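Work through the exercises below with the sequence and the model open. Each task is followed by a solution in steps.

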Amino acid sequence: MRKKQFKAESKKLLDMMINSIYTHKEIFLRELISNASDAIDKLYFKSLTDNAVKLSRNDFKIQIDLDKENRTLIITDNGIGMTAEELEKNLGTIAKSGSFNFKKENADDENTKDISVIGQFGVGFYSSFMVSDKVEVVSKAFGDEIAHKWISQGADGYTIEECEKADAGTVITLHIKEDNDNEDYSQYLEQYKIDELVKKYSDYIRYPIMMEMSHQVPDPEKEGEYITEINLETLNSMVPIWRKAKSEIKAEDYNEFYKSKFMDYTDPISVIHSKTEGQATFDALMFIPENPPYDFYSKEYEKGLQLYSNGVLIMDKCSDLLPDYFSFVKGLVDSADLSLNISREMLQHDHQLKIIAKAIDKKLKNELTKMLKNDREKYEKFFKTFGLQLKYGVYANYGMEKDGLKDLLLFESSNNEGYVTLKEYVGRMADSQDKIYYACGESAEKIALLPQIDAVKEKGYEVLYFTDEVDEFAIQMLMEYDAKHFANICKDDLDLSTEAEKEAINKKNEDAKDLLEKMKDALDGQVTAVKLSDKLGSHPVSLTAEGYVSLEMEKVLNAMPGANQGVKAQLVLEINSKHPVAEKLAKADEETLKKYTKLLYSSARLIAGLDLANPTEFSDTIADLM
């Protein structure tokens, strides 16, 4: 036996492996278990063509043993094992992957189609030095008579010597470091911690991962006392639910998996289970929750799907797989086609990830479309909870996603028959109607009281009620639906009149030109115009806006954090030409006209849901006129 040095500038490179590549020290267990799984895969592959292999698939296993007293963690597999030459090549040369070479050499063999070796870079083994100051590897290659032991304490080098081992396979012994002020290495000698890490990262390794587990059980001979019972238990599930045939899975299975995996106490409202093949091959299992997560509207909330590569957890939340408008979706994606970085902790952002994300987006939209069509009650329940996200999706990114989301939107309306889609609205439009009418407000009840509502309804037209702050912004981004433009009934350009009616109201405004100009002057720049209107039904007064910024937009933009109240709608005060108040104004003296004008303007602001600049003046004016 003689000491050897690592190849490839060992000290510098190994130091980088230990201290730079991996974010979390606990990753070491995932890496070593993955290597053990690869070794078993290779022997299983050999068993398909070599009768000398006496093990069946059910005989393969990975075992973990803990020894607190000697501070060792041992991982044993009964896989293909390594010769002295392979130990030298695979462990003596950093970044030399035996698994990658195996996969490459057998790429054309039909028998390997079900074999998914995990290792790619040949660096995972060295993560063991993050938690141990000495590593021993005893391995016996299948078919060899002699076993070999590889020992290293880190960058100083390693030794290889012959040793005794009965069967093929590999035993890795980690001598766990002593604790210090910054690190609790002893946790990796605790059963609960190893159990937790196996379930987190390696739950779906296809071979059983076994460990002796101790439990306190009632003493059969002494009532009220307990004894410690030790059993060899399988820690991992092995077969992921998403790789099972849908016919084998009951609704309760999906629900239980969701609740245990994603820490929810209610069943999901919908489950999407799919397998996609093509440019990117992947399994997906996604859930739409019934309720938003407790932190959904907080800064701490992180969107994303769990990402697996061949059943091994790579990322707990891959945000790139979900657009913001589907941030509420929970679930996972498992793919062998991902280009991972060297630590397998993160993705290299390439076209494969984009293909998967695009496919997931399409699947979710299709699922919601199907729910809307086949189970309206369930969809409306979903929309009440998460519909706001879809509306923001229409508005975000300059409307890039609007076409895929517009048919998923729901609104209340003057029809008073529950929610309506844009498609349904257009489908029942009156023959004489060429626009989609809407109004904005805090609630459907308050919108229904707007003066303009009566005039629109009298024409037989339906009005969509926009009660969310983002609604009008989203619709402005959408611009039109089915070649029908949107029209805010609270804008001054609302056109509902016949040619004769237009001519009549224009004449009334012309005749009252001086009166209306005096009223505008009385408001001292607060409005751009005062007009007589024939579209207010029985209501005396209303505020409308001209230009792009509506009344609702003014309220929303000025309520945003950091707003300086600088956004102003160009307001128009409209007086109902058919209401007695119009006649009263025409007969008022100049001083009284000013009071009437301010009173009407303040009333119109209250109706529109706007604040009064001077509530005291409003109250005094009412008292004075009384």
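The exercises that follow concern a predicted model.

**Exercise 1. Overall make-up**

Task: State how many helices and strands the protein has, and what share of its residues is buried.

Solution:
- Step 1. The protein has 19 helices and 22 strands.
- Step 2. A residue is called buried when its relative accessible area is under 20%. Buried residues make up 51% of the 626 residues.
- Step 3. The accessible surface comes to about 31,900 Å², and carbon and sulfur atoms contribute 46% of it.
- Step 4. Among contacts with a separation of 6 or more, 69% are between residues 24 or more positions apart.

**Exercise 2. Positive phi**

Task: For N397 and M479, find the value of phi and decide whether each residue is buried or exposed.

Solution:
- Step 1. Most residues other than glycine have a negative phi.
- Step 2. Phi of N397 is near 50 degrees, a positive value in a residue other than glycine. For M479, also not a glycine, phi is positive and near 70 degrees.
- Step 3. N397 sits in the loop between α8 (376–395) and α9 (402–405). M479 sits in the loop between α13 (471–478) and β18 (480–481).
- Step 4. The cut-off for exposed is over 50% relative accessible area. N397 has 54% and is therefore exposed. M479 has 53%, so M479 is exposed too.

**Exercise 3. Three salt bridges**

Task: For the pairs E136 with K134, E501 with K459 and E583 with K587, give the distance between the closest N and O atoms and describe the setting of each pair.

Solution:
- Step 1. Side chains of opposite charge can pair when their charged atoms come close. A salt bridge requires a nitrogen to carboxyl oxygen distance within 4 Å. The structure holds 36 salt bridges.
- Step 2. In the pair E136 and K134, the closest N and O atoms are 3.5 Å apart. E136 is buried at 16% relative accessible area, whereas K134 is partly exposed at 24%.
- Step 3. The salt bridge of E501 with K459 has its closest N and O atoms 3.8 Å apart. This pair links distant parts of the chain, 42 residues apart: E501 is in helix α14 (residues 499–511), and K459 is in the loop between α12 (451–458) and β17 (463–466). E501 is partly exposed at 34% relative accessibility, and K459 is partly exposed at 31%.
- Step 4. For E583 and K587 the closest N and O atoms are 3.1 Å apart. Both belong to helix α17 (residues 580–587); because they are 4 residues apart there, about one helical turn separates them. E583 is partly exposed at 48% relative accessibility, while K587 is exposed at 66%.

**Exercise 4. Groups of charged residues**

Task: Which residues form a negative surface patch, and which residues are linked with K193 in a network of salt bridges?

Solution:
- Step 1. The negative surface patch is formed by D514, E517, D521 and D524.
- Step 2. Residues of a patch need over 30% relative accessible area and no salt bridge. D524 has 68% relative accessible area, so D524 clears the area cut-off and counts as exposed.
- Step 3. D524 is found in the loop between α15 (513–522) and β20 (529–533).
- Step 4. K193 is linked with E26, E196 and K200 in a network of salt bridges.

Conventions
Residues are numbered from 1 along each chain as its sequence is written. This is a predicted model: local features need pLDDT of at least 70, side-chain atom pairs count only at pLDDT 80 or more; totals for chains, interfaces and linings use all residues. Side-chain values use heavy atoms; hydrogens and water are left out. Helices (H or I, at least four residues) and strands (E, at least two) are DSSP runs, numbered from the N terminus. Buried means under 20% relative accessible area, exposed over 50%, partly exposed in between (1.4 Å probe, protein chains only). Patches are made of residues with over 30% relative accessible area and no salt bridge: like charges are joined within 9 Å, nonpolar side chains (Val, Leu, Ile, Met, Phe, Trp, Tyr) within 5 Å. Accessible areas come from the Shrake-Rupley method with a 1.4 Å probe; for residues, only the protein chains shown count as cover. A salt bridge is a side-chain nitrogen of Lys or Arg within 4 Å of a carboxyl oxygen of Asp or Glu. Lys and Arg count as positive and Asp and Glu as negative; His and the chain ends are not counted. The place of a charge is taken as NZ of Lys, CZ of Arg, CG of Asp or CD of Glu. Contact means heavy atoms within 4.5 Å.
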